[in-house]
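User: I am new to this structure and would like a close look at one part of it. Could you walk me through the place where the two chains meet?

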Amino acid sequence: MNERIIIETVDLKKIYGMGDIQVAALDGLSIKIRQGEFVSVMGPSGSGKSTLMNILGCLDRPTEGQYILNGEDISGLDKVALANIRNKQLGFIFQSYNLLPRMDALENVILPMVYQRENNLPSEERQEKAMAALESVGLTDRAHHLPKELSGGQQQRVAIARALVNDPVLILADEPTGNLDTQSSNEILELLHDMHERGRTIMMVTHESEIADHTGRVIYIRDGKLDADRLNGKNAKKMKQKLRETMAATVSKGGEA
Amino acid sequence: MNIREVLRVAWKSIFSNKSRSILTMLGVIIGVAAVIVMMAVSAGTEATIAESINGLGSNLLFINSTLTRGGMGKDAQQGGLVFDDVEAIREQVNGVAGVSVDQNASDTIKYGNVSLESISIVGTTADYTTVRDVQVAYGRFFTDQDIDRTTKVVVLGSTVAEELFSEEDPIGQSVTVGTTKLTVIGVLAEKGLVSGTSFDEQIYLPITLVFQKFTPSQFAAMRGDHVRTIYVSVDEAYEMDDVILQVELLLVQRHDVTIETADFTIKTQNDIIETQESTTESFRMLLGWVAGVSLIVGGIGIMNIMLVSVTERTREIGLRQALGARPIDIQVQFLTEALMLSLVGGLLGVIVGVGGSWLFGEVGGMRTVIVPFSIALSFTSAAMVGIFFGYIPARRAAQLDPIVALRHD
């Protein structure tokens, strides 16, 4: 197993409220995620998993504790530095896709490159890179369609291409299949498996254990603390196998029809 | 995010909300157009005034009678300019090219079967052609001798000559003005309308003849014939001040008054232009305020719609932040949008303003001169309004918390 650590949190705390009434959304959470891992985060609502994802996504800062992302302690960084980290190191996949409605698929994928501060690419290279990202999610022929002209599954695939385009060290997916039907969900899971096989580190929040079963490791959070952390390697492989068989069947059926 | 992209995003956002953007820009459009139109109208008016005053002749001094000097009865009639002053100025002041005086009347002119009603009669002196800058087309103008002898001659304006004589040669013909028979000795060249006076529709008589036959005065026997304005044409511009001083001293002496109690005023063309300008100036100030208020209202409109836009696009802002946009990136984006709204509004305002000025000129019959400065001024003000009123919404957008923004719906 690869020993490079992508995420390390040390006694992470996030405390809301002031004075006497204080609520700890995270109450001393320590986890380590290695490069190439595909991890699910589960927990009931209010467990603190959203807060954790926000902090891991550099959208929020912990009240106490340390967060080391790809070897860099980022717990004390300011807004601008965090924006930089999000741009360079992280790829987000949201439940509701969050594509900009007035831009076509290609422009949406280009967006993260627009906010790059180093190695600012010329426009043609951006287009090429975005096109390559769209190709990896199988949507080259939809590059110039607006989000409203795409199905939910296709929109989520555009969002995945957007998450990949800046070559991040970590992909954060927040219920990526939450708004999708089974067929589209399978497509998205298949894509996540592909990314994982190519060495991406993926962290996915879900409340469906069926979905979580696809990942090699599942972390359970309860009351802001780590509840359980179990490996699921064998199971995940089986799930992946089954998924690919189902997909192949659907595709051949679709082909005949 | 480079400038081109910022501009593209801003343009897209404005363009995808066309009707809303246009309504937002309306205040700015009206403000900018108002500035341009009002400056064009007042510049046109000023140009007309300046031209008509300059059209009177060059290096002209206007000496006006101020008759009502103190007292009642006998005293009241003593002041003012008289015809003899004309002669005195011509003879005793150095640097004078010509002195002219008008005494106006109105009567019917007849030749054969043709008769023209209420024709303006200008009683004047031989220097009229020099002082008022008119040319004689046929024949001659009357001379000092004609004045002295009160010769019964007349010079016709070109339109009058045409209407009375059409094809015939008027020189030497006899016409009847009122009840007096006069010999036509000349016809003036066309001059057109200057300062509200149509030179072509008047007839010109020796002033002494007008005093005698058309405006007899009961006071003439005492001090001579009163005149209202004496026009003095000065040889060279640099002699103006000197001539003013000489005329002042001469008239003070002749009228037996002091400078303080003088019964006349002396003005130059510039004095008159300045007086006219000061009246248009206050008019312009008023319109300037109207335009300024309109721009501010337009700016508030922009701020309003930008605040709405920030709220509507909260999710987009959150997403952009998640993808790595710094607060300054967001701020620049919204500021650019506000600025673009105001600049496009400004541009449309310039088009409306220039078009409006043209329309006022063509259809409204007003004279308008488009002032480039007004375009620059109004456009810059529009830009400043955009930056000023766009700042608060842009700042609000930049300070959104990405977590809250992403969850917004």
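Analyst: Happy to help; here is a walk through the interface, followed by a short stop at one residue of chain A. Please keep in mind that this is a predicted model.

Let's begin with the overall contact. Chain B brings 27 residues to it, and chain A brings 23 residues. Between them, the two chains bury an area of about 2300 Å², and 57% of that comes from carbon and sulfur atoms.

Charged pairs take part as well: four salt bridges are counted between chain B and chain A. One you can look up joins Arg126(A) to Glu5(B), where the closest N and O atoms are 2.2 Å apart. In addition, eleven residue pairs are in polar contact across the interface, with both residues at pLDDT 80 or more.

Now turn to the chain B side. The elements that give two or more residues to it are helix 1 (3-15), helix 11 (314-322), helix 12 (327-362) and helix 14 (402-407). Helix 11 of chain B gives the most, with six residues. Sorted by class, this side of chain B has ten nonpolar, six polar and eleven charged residues.

Finally, a stop within chain A. Asn166(A) sits in the loop that links helix 5 (152-164) to strand 8 (170-174). Asn166(A) counts as buried because its relative accessibility is 9%, under the 20% cut-off. The side chain of Asn166(A) reaches the backbone oxygen of Asn87(A) at 3.1 Å. Beyond its neighbours within four places in sequence, Asn166(A) also has contacts that include Lys88(A), Pro112(A), Met113(A) and Gln116(A).

Conventions. Residues numbered from 1 in each chain as written. Chains lettered and ligands numbered in written order. Predicted model: local features only at pLDDT ≥ 70, side-chain atom pairs only at ≥ 80, totals over all residues. Heavy atoms only, no water. Helix = DSSP H or I, 4+ residues; strand = E, 2+ residues; numbered from the N terminus. Buried < 20%, exposed > 50% of the residue type's maximum accessible area, 1.4 Å probe, protein only. Polar contact = N/O pair within 3.5 Å; in protein donor to acceptor, adjacent residues only side chain to side chain. Contact = heavy atoms within 4.5 Å. Buried area = accessible area lost by both parts, 1.4 Å probe. Salt bridge = Lys/Arg side-chain N within 4 Å of Asp/Glu carboxyl O. Nonpolar A, V, L, I, M, F, W, Y, C, P; charged D, E, K, R; others polar.
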